[in-house]
Amino acid sequence: SGSGGTGTDDQVKAMAMGLTGDTASNVLWRLMNGELPDDFNPPIWWLVLGMEEVGRYGCSEEITVMGILRIVEEIKNRRPDAKIVVNSLLPMIKMRMKEAEDEEEFVDA
């Protein structure tokens, strides 16, 4: 499910399609399995992915970036004119160094 904002012309301007705990593989599966409506074509696609891969699952930065780039590729295959912004991952020093006792202590540097 997502929430959208509409402009004065009732055209969707933005929509949140992510889920808490989402991973690149989950997003890619949804894109490839019919969860992208044919008429959905926002002016800008904003991707914020990778925190789960790096922080929770301990994936390398290289693997995380590969997953994000695969999503970009899939979007571009389906929407060639898409403008895509990939939000950078903030440094997560405590998380990567395993210094935090639990998830509540994971703090972005």
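Start by selecting Trp 46, which is found in strand E3. This is a predicted model. Is Trp 46 buried or exposed? Its relative accessibility is 53%, so Trp 46 counts as exposed.

Now add Ile 44 and Val 48 to the selection. Together with Trp 46, these residues make a nonpolar surface patch of about 350 Å².

**Zoom out to the whole chain**

Colour by secondary structure. You should find four helices and four strands. Follow them from the N terminus: the order is β-β-α-β-α-α-β-α. Show the surface next. The chain exposes about 7,600 Å², and carbon and sulfur atoms supply 55% of that area. How much of the chain is buried? Of the 109 residues, 27% are buried. Consider the contacts too. Among those between residues at least 6 apart in sequence, 59% join residues at least 24 apart.

**Go inside**

Nonpolar side chains tend to be buried together in soluble globular proteins. Hide the surface and look for the largest nonpolar core, which has 14 residues. Select Leu 31, Trp 45, Ile 71 and Ile 75; these have the most contacts inside the core. Which elements give two or more residues to this core? They are H1, E3 and helix H3, the last spanning 61-78.

**Stop at Trp 45**

Select Trp 45 alone. It is buried, because its relative accessible area is 8%, and the cut-off for buried is under 20%. Show what surrounds it. Leaving aside neighbours within four places in sequence, Trp 45 is in contact with Leu 36, Phe 40, Ile 75, Arg 79, Ala 82, Lys 83, Ile 84 and Val 85.

Keep Phe 40 from that list. At 10% relative accessibility, Phe 40 also counts as buried. How many aromatic pairs does the structure hold? It holds one. The pair is Phe 40 and Trp 45, with ring centres 5.4 Å apart. Why is this pair edge-to-face? The ring planes stand at 80 degrees, and planes over 60 degrees apart count as edge-to-face.

**Last stop: Pro 42**

Select Pro 42. Where does it lie? Pro 42 sits in the loop between helix H1 (24-32) and strand E3 (45-47). Its relative accessibility is 11%, so Pro 42 counts as buried. Now add Ala 82, which also appears among the contacts of Trp 45. Draw a distance between the C-alpha atoms of Pro 42 and Ala 82. They are 7.8 Å apart in space, although 40 residues separate them in sequence.

Key
Residues are numbered from 1 along each chain as its sequence is written. This is a predicted model: local features need pLDDT of at least 70, side-chain atom pairs count only at pLDDT 80 or more; totals for chains, interfaces and linings use all residues. Side-chain values use heavy atoms; hydrogens and water are left out. Buried means under 20% relative accessible area, exposed over 50%, partly exposed in between (1.4 Å probe, protein chains only). Patches are made of residues with over 30% relative accessible area and no salt bridge: like charges are joined within 9 Å, nonpolar side chains (Val, Leu, Ile, Met, Phe, Trp, Tyr) within 5 Å. Accessible areas come from the Shrake-Rupley method with a 1.4 Å probe; for residues, only the protein chains shown count as cover. A salt bridge is a side-chain nitrogen of Lys or Arg within 4 Å of a carboxyl oxygen of Asp or Glu. Contact means heavy atoms within 4.5 Å. A nonpolar core is a set of buried Ala, Val, Leu, Ile, Met, Phe, Trp, Tyr and Cys residues joined through side-chain atoms within 4.5 Å. Rings of Phe, Tyr and Trp (its six-membered ring) pair if their centres lie within 6.5 Å; planes under 30 degrees apart count as stacked, over 60 as edge-to-face and the rest as tilted.
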